Amino acid sequence: MTAKISLRSVTKTFDTLTALDDVSLDIEDGTFLSLVGPSGSGKSTLLDLLGGLAKPTSGEVLIDGKPVTGPGLDRGVVFQQYALFPWRTARANVEFGLEGGTLTKRQRAERAREFLDLVGLSGFEEHLPHQLSGGMKQRVAIARSLAYDPDVLLMDEPYAALDSQTRELLQEELRRIWQRTGKTIVFITHSIEEAVYLGQKVAVLTSRPGRLKDVVDIDLGDRSNDDLRSAPAFVAHRHRLWELLHDEIRRAA
Ligand SMILES: Nc1ncnc2c1ncn2[C@@H]1O[C@H](COP(=O)(O)OP(=O)(O)OP(=O)(O)O)[C@@H](O)[C@H]1O
């Protein structure tokens, strides 16, 4: 079976600096992969390569077995900054990604409503970004990237600027959306807890130059536990990742 996303010996250099060094990784269709690594380990660089915003210096980046040659509607990107148009309502922001497609104006509005509903923003369709909280703005950004139905969602620390309660709420929502839609998601985070909560797998990069240190499978067993984050399986995974990362951060210091 062809992997949805495939990195083959990917190296990315900027002048004399090697940001990513010989990274090979296959991500199966429908996988939720969290990506962690020390600051400067090349996480955003890797996401830029997947998004087609940059090209590898050597090696290959493949989606569905085909080389990535630039950005495309098969991949949605969500950044830490909400990147919404301030003069457009929540609905019009979500519609933006659909303009130029085959949908009529009415169909676009309908689809925007549907996805705002999916991220819990029914009733806020006509609000402007400045009338929304940080968490709500990030929900609009997620709705916008989902509305044109990309197979792959690339998320670069999307929750880093949010308070911890909103962050946990959005993590729950994202899991629910992922289960409902079956998207392949690559999610960068600095939070080990977030990585474990969200990911089926957590990929760990080494400190610069970024190499793939490990890919840890996450199995939390029964997720219906109200206090999942305190469950023994969760704590064990968190500790394992903490050890892997701590090792790297110590080496970098
Ligand atoms: N456009 C660029 N030009 C030159 N150097 C760059 C460029 N983009 C990234 N780098 C360098 O590549 C390395 C990896 O950067 P990157 O932003 O990918 O790391 P990161 O793991 O996402 O870091 P952080 O966790 O701090 O966001 C860094 O040393 C950075 O300075």
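Helices, of which α1 is one, are DSSP runs of at least four residues, numbered from the N terminus. The model described here is predicted.

The protein chain is divided into two parts, domain 1 (1-74 + 155-253) and domain 2 (84-149). Their C-alpha centres, that of domain 1 and that of domain 2, are 26 Å apart. Contact between the two involves nine residues of domain 1 and seven residues of domain 2. On the side of domain 1 that touches domain 2, seven residues are nonpolar, one is polar and one is charged.

In the UniProt record, an unreviewed entry, residues 5-232 carry the feature "domain: ABC transporter". Across residues 5-232, helix makes up 31% of the chain and strand 26%. The C-alpha atoms at the ends of residues 5-232 are separated by 32 Å.

The shell around the ligand consists of Phe14, Leu17, Ala19, Gly37, Ser39, Gly40, Ser41, Gly42, Lys43, Ser44, Thr45 and Arg208. Two elements, β2 (17-27) and α1 (43-51), each give two or more residues to this shell. Of the elements, α1 gives the most, with three residues. By class, the residues of the shell around the ligand comprise three nonpolar, seven polar and two charged. Among the nonpolar residues in the shell is Phe14, while Lys43 and Arg208 are its charged residues. The polar residues of the shell include Gly37, Ser39 and Thr45.

Methods. Residues numbered from 1 in each chain as written. Predicted model: local features only at pLDDT ≥ 70, side-chain atom pairs only at ≥ 80, totals over all residues. Near = placed C-beta within 6 Å. UniProt positions renumbered as here; feature names shortened; annotations may be inferred. Domains from an automatic or database assignment.
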